Amino acid sequence: MVAISAFFREKMSNKTKTIFLKLVIHLSSLLPLIWLYYHAFNDDLGADPVEAVIHFTGIGAFNLLLVTLVVSPLAKWAKQGWLLQVRRLLGLYSFAYAVFHLLNFVAFDLQFAWRLILSEIVKRPYITIGMGAFILLLLLSITSVNKIRRTMGKRWQKLHNMSYVALMLIAVHFYWSVKSEIIEPSIYIGLSLVLLAIRKNKIKRWFS
Amino acid sequence: MLIKLPKSNHLTESDVTPEKIYTGRRIALKQMGFVGAAGLLASTVSSNASADFFGSEPEKFKTSSLTFTEDKINQALKKTPEQKVISHNNFYEFGTGKNDPSENAQQFKVNPWQLTISGEVESDVTLDYDDLTTAFALEERIYRMRCVEAWSMVIPWIGFPLAKLLAKAKPTSKAKYVAFETLYDPKQMPGQASRRLGGSVDYPYVEGLRIDEAMNPLTLMSVGLYGKTLPAQNGAPIRLVVPWKYGFKSIKSIVAIKLVEKMPPTTWNILASREYGFYANVNPEVDHPRWSQASERRITSGGLFARNRIETQMFNGYGEEVAHLYKNMNLRRNF
């Protein structure tokens, strides 16, 4: 590890490092998805591939959002400002996983039974919350385009502070979705709260 | 005995998969570990190669073939492939993931075993391991199995009616309910040793039926499936099967049956009484608070594109046999 980090510090420009890290992010986000759907389409992913793809993409979206929100405190702590360059890519992959998660629910679980889909979104609070988080991630993704970002000015940051709201909605969605195995979702809630705690000064300012 | 004939929504021959999935699943999950760690290897490593890489598999739980009379009436029901039946299990004693039991229960010891029937009976009965498959004539029963999570299977069980076992013990007039208990053995059942693995359930798992439900000819004590003794993950060596109720009523690996006067506590009702009632009859009109019970996904094969969502039937389609048990009862309140 030490050798690798030394190599990074000495031999590579920040631009090269960014490109390299982005490549790693692309591969480690895309390859599992390809692997997942390849096996799921071939009925080679356990007895119920539908449950498998729903869980994999849901937890994947959550993991990627957590990583996205770790970037800026990590960059500050390690004094590696270039790391901020990969934040948008990570956030977009989190959204991409969320798209697949929702698509799995609509296409493979409820199988386009639209009335049932709509009533489930309205009637089941944990699904309503998940949908809320999805819409937030959608807005953040659309507005991540540089052109839009510039035209939004100050409002952009305000909107993008909603990523913390999305994070907590996803944490509750996960906790609420399980039958009794609450320990894993509890750990995720804990991790999410840690990320909020790191930003407590920033969050306090919103309310002052 | 009346057993309903299949409806038109049942599946065609092409929906049945070849038996292969279980070992593949296990290896697939290991490959997933690879993806997480290294990112690249998974797609290039063949299943067998990666199995060798991880060392030889420990010895598997053994099942043996049974002698039984065939279910002549329900052969036309499209069965869920055996490999899916034995690799997709809710048996939290061995972990909460669907494939955890098939992975973690392979070392489970079922011989020797003792099942005792006691409480409000004229004579206690104890069945030893061999008695489970020899004390009563075994019959095949091809039943629909509807999980409360809104998926379902069709499983060819082998067993004997619970009524025959209870008749042997001769319930007294005070016997209003039947209480069941799963083995408690945290050394063998990792879910009982760890709250994390066991889904925060207080073990042993307990279930119950009203005496008339228990005496209904559909209620089966199962000792096997697909012609063989039960795999560990399906509740070896003996389990309950109550086909008109949600799957969690069909308690696995039973060591004690007690006839009692008062309604006994049941595990999922203790965990979340708002979500899981004592009766737990399959009912498309009474939703789980967090999802609809109006339809279900019938687990067969065909991967992600299987169009397998079907309407859930009242009493899982066994109304002719059991609806009379609930006459004048409010099934919305007694869910």
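So, A:Asp43: this residue is buried, with a relative accessible area of 4%. Keep in mind that we're looking at a predicted model here. What does A:Asp43 pair with? Its side chain meets that of B:Lys84 in a salt bridge, at 2.9 Å from N to O. B:Lys84 sits in helix α3 of chain B, residues 82-85, while A:Asp43 sits in the loop between α2 and α3 of chain A, so this pair joins two chains. And the lysine is tucked away as well: B:Lys84 has a relative accessible area of 1%, which makes it buried.

Okay, a second pair that does this kind of thing. B:Glu149 forms a salt bridge with A:Lys179, and the closest N and O atoms are 2.9 Å apart. This one also crosses between chains: B:Glu149 comes from the loop between β3 and β4 of chain B, and A:Lys179 from the loop between α9 and α10 of chain A. Are these two buried or exposed? B:Glu149 is at 19% relative accessibility, and the cut-off for buried is under 20%, so B:Glu149 counts as buried. A:Lys179 is buried too, with a relative accessible area of 15%.

For contrast, have a look at a pair inside chain B. B:Asp202 and B:Arg195 meet through their side chains in a salt bridge, 3.3 Å from N to O. B:Asp202 counts as exposed, at 55% relative accessibility. B:Arg195 is partly exposed, with a relative accessible area of 48%.

There's also a network, if you want to find it on the screen: salt bridges link A:Asp48, A:Asp109, B:Arg297 and B:Arg309. Over all chains, the structure holds 20 salt bridges. How many are found across the interface of chain A and chain B? Eight.

Let's zoom out to that interface. On the chain A side, 39 residues are in contact, and they touch 47 residues of chain B. The area buried between the two chains is about 3,500 Å², and carbon and sulfur atoms give 57% of that. Which three residues of chain A supply more of its buried area than any other three? They're A:Trp35, A:Ala47 and A:Lys179, and together they supply 21% of the area chain A buries against chain B. You've met A:Lys179 already, as the salt-bridge partner of B:Glu149.

On polar contacts, there are 19 residue pairs between chain A and chain B, counting pairs with both residues at pLDDT 80 or more. As for where the chain A side comes from, the elements giving two or more residues to it are α2 (14-41), α3 (49-78), α4 (87-109), α5 (114-123) and α9 (162-177). The largest share comes from α2(A), with seven residues. By type, the chain A side splits into 23 nonpolar residues, six polar and ten charged.

Now over to chain B and its strands. Start with β3(B), residues 139-146. Eight of its eight residues are buried, so this strand is largely enclosed by the rest of the structure. Which residues point which way? B:Glu139, B:Arg141, B:Tyr143 and B:Met145 point one way, B:Glu140, B:Ile142, B:Arg144 and B:Arg146 point the other way, and all of them are buried.

The strand β3(B) runs antiparallel to β4(B), residues 151-161, and eight bridges join the two. If you'd like one position to click on, B:Arg141 has B:Trp157 in β4(B) as its bridge partner. The two strands form a hairpin with four residues between them, and in that turn B:Ala150 has a positive phi of about 75°. B:Glu149, the residue that reaches over to A:Lys179, is in this same β3-β4 loop of chain B.

Last stop is β10(B), residues 254-260. This strand is mostly covered, with five of its seven residues buried. What are its partners? With β1(B), residues 114-119, the pairing is parallel, over four bridges. B:Ile117 stands opposite B:Ile257 there. With β5(B), residues 177-182, the run is antiparallel, and six bridges join the strands. In that pairing, B:Thr182 stands opposite B:Ile254.

Technical notes:
Residues numbered from 1 in each chain as written. Chains lettered and ligands numbered in written order. Predicted model: local features only at pLDDT ≥ 70, side-chain atom pairs only at ≥ 80, totals over all residues. Heavy atoms only, no water. Contact = heavy atoms within 4.5 Å. Buried area = accessible area lost by both parts, 1.4 Å probe. Salt bridge = Lys/Arg side-chain N within 4 Å of Asp/Glu carboxyl O. Polar contact = N/O pair within 3.5 Å; in protein donor to acceptor, adjacent residues only side chain to side chain. Nonpolar A, V, L, I, M, F, W, Y, C, P; charged D, E, K, R; others polar. Buried < 20%, exposed > 50% of the residue type's maximum accessible area, 1.4 Å probe, protein only. Pairing = 2+ DSSP bridges.
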